[in-house]
Amino acid sequence: MSQTIRFHLDENVNGAIADGLRRRGLDVTTTPEEGLIGADDEEQLAFLILIWECLEPEEMCDRVEFL
């Protein structure tokens, strides 16, 4: 089973980091680009579950690490 490494960067991460990761072929979303500035961790996680089509929030919680 193929897995994709995906990153969601919050508003405290410089946009140049997202650009660099994308240039290397990684799937990256950012809080500012998605209109989530000021959203708490639960809102960020809900967004990720929605866009990454994760059926089980518990599974996503096991894989997400907030830095």
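**View A. Arg22, at 29% relative accessibility, counts as partly exposed.** Buried means under 20% relative accessible area, exposed means over 50%, and partly exposed lies in between (1.4 Å probe, protein chains only). The model is predicted: local features need pLDDT of at least 70, side-chain atom pairs count only at pLDDT 80 or more, and totals for chains, interfaces and linings use all residues. Residues are numbered from 1 along each chain as its sequence is written, and side-chain values use heavy atoms, with hydrogens and water left out. Which residues join Arg22 in a network of salt bridges? They are Asp19 and Glu33. A salt bridge here is a side-chain nitrogen of Lys or Arg within 4 Å of a carboxyl oxygen of Asp or Glu. Asp19 pairs with Arg22, with the closest N and O atoms 3.8 Å apart. Both residues sit in helix H1 (residues 15-23), 3 residues apart, or about one turn of the helix. An α-helix has 3.6 residues a turn, so residues three or four places apart point the same way. Asp19 is also partly exposed, at a relative accessible area of 38%. Glu33 meets Arg22 in a salt bridge too, at 2.5 Å from N to O. Glu33 belongs to the loop between S2 and H2 and Arg22 to helix H1, so this pair ties together parts that are 11 residues apart in sequence.

**View B. The whole protein chain has 3 helices and 2 strands.** From the N terminus on, the order of elements is β-α-β-α-α. Helices (H or I, at least four residues) and strands (E, at least two) are DSSP runs, numbered from the N terminus. The chain has 67 residues, and 28% of them count as buried. Its accessible surface comes to about 5200 Å², with 50% belonging to carbon and sulfur atoms. Accessible areas come from the Shrake-Rupley method with a 1.4 Å probe; for residues, only the protein chains shown count as cover. Among contacts with a separation of 6 or more, 22% join residues 24 or more positions apart. Contact means heavy atoms within 4.5 Å.

**View C. A salt bridge joins Asp27 and Arg6.** The closest N and O atoms are 3.2 Å apart. This pair links distant parts of the chain: Arg6 is in strand S1 (residues 6-9) and Asp27 in strand S2 (residues 27-30), 21 residues apart. Are the two partners buried or partly exposed? Asp27 is partly exposed at 30% relative accessibility. Arg6 is partly exposed as well, with a relative accessible area of 37%. The structure holds 3 salt bridges.

**View D. Helix H1 has buried residues: Ala18, Gly20 and Leu21.** They cover an arc of only 165° around the axis, which puts them on the same side of H1. The arc is that of the directions from the helix axis to the C-beta atoms. S1 and S2 are among the elements that cover these buried residues. At the N-terminal end of H1, Asn14 acts as a cap. A side-chain oxygen of Asn14 lies 2.7 Å from the backbone nitrogen of Ala16. Just after H1, Gly25 takes a positive phi of about 85°.

**View E. Asp40 caps the N-terminal end of H2.** Asp40 lies in the loop between S2 and H2. Its side chain reaches the backbone nitrogen of Glu42 at 3.2 Å. A polar contact is a pair of N or O atoms within 3.5 Å; within protein, one must be able to donate a hydrogen and the other to accept it, and residues adjacent in sequence count only if both atoms are side-chain atoms. Asp40 is partly exposed, with a relative accessible area of 41%.

**View F. Helix H2 (residues 41-51) has buried residues, including Gln44 and Phe47.** Leu45, Leu48 and Ile49 are buried there too. Gln44 counts as buried at 5% relative accessibility. Leaving out residues up to four places away in sequence, Gln44 touches His8, Thr31, Leu36 and Ala39. With the same residues left out, Phe47 touches His8, Thr29, Glu34 and Leu36.

**View G. The largest nonpolar core has 5 residues in all.** Which residues make up this core? They are Leu36, Ala39, Phe47, Leu48 and Trp52. A nonpolar core is a set of buried Ala, Val, Leu, Ile, Met, Phe, Trp, Tyr and Cys residues joined through side-chain atoms within 4.5 Å. In soluble globular proteins, nonpolar side chains tend to be buried together.
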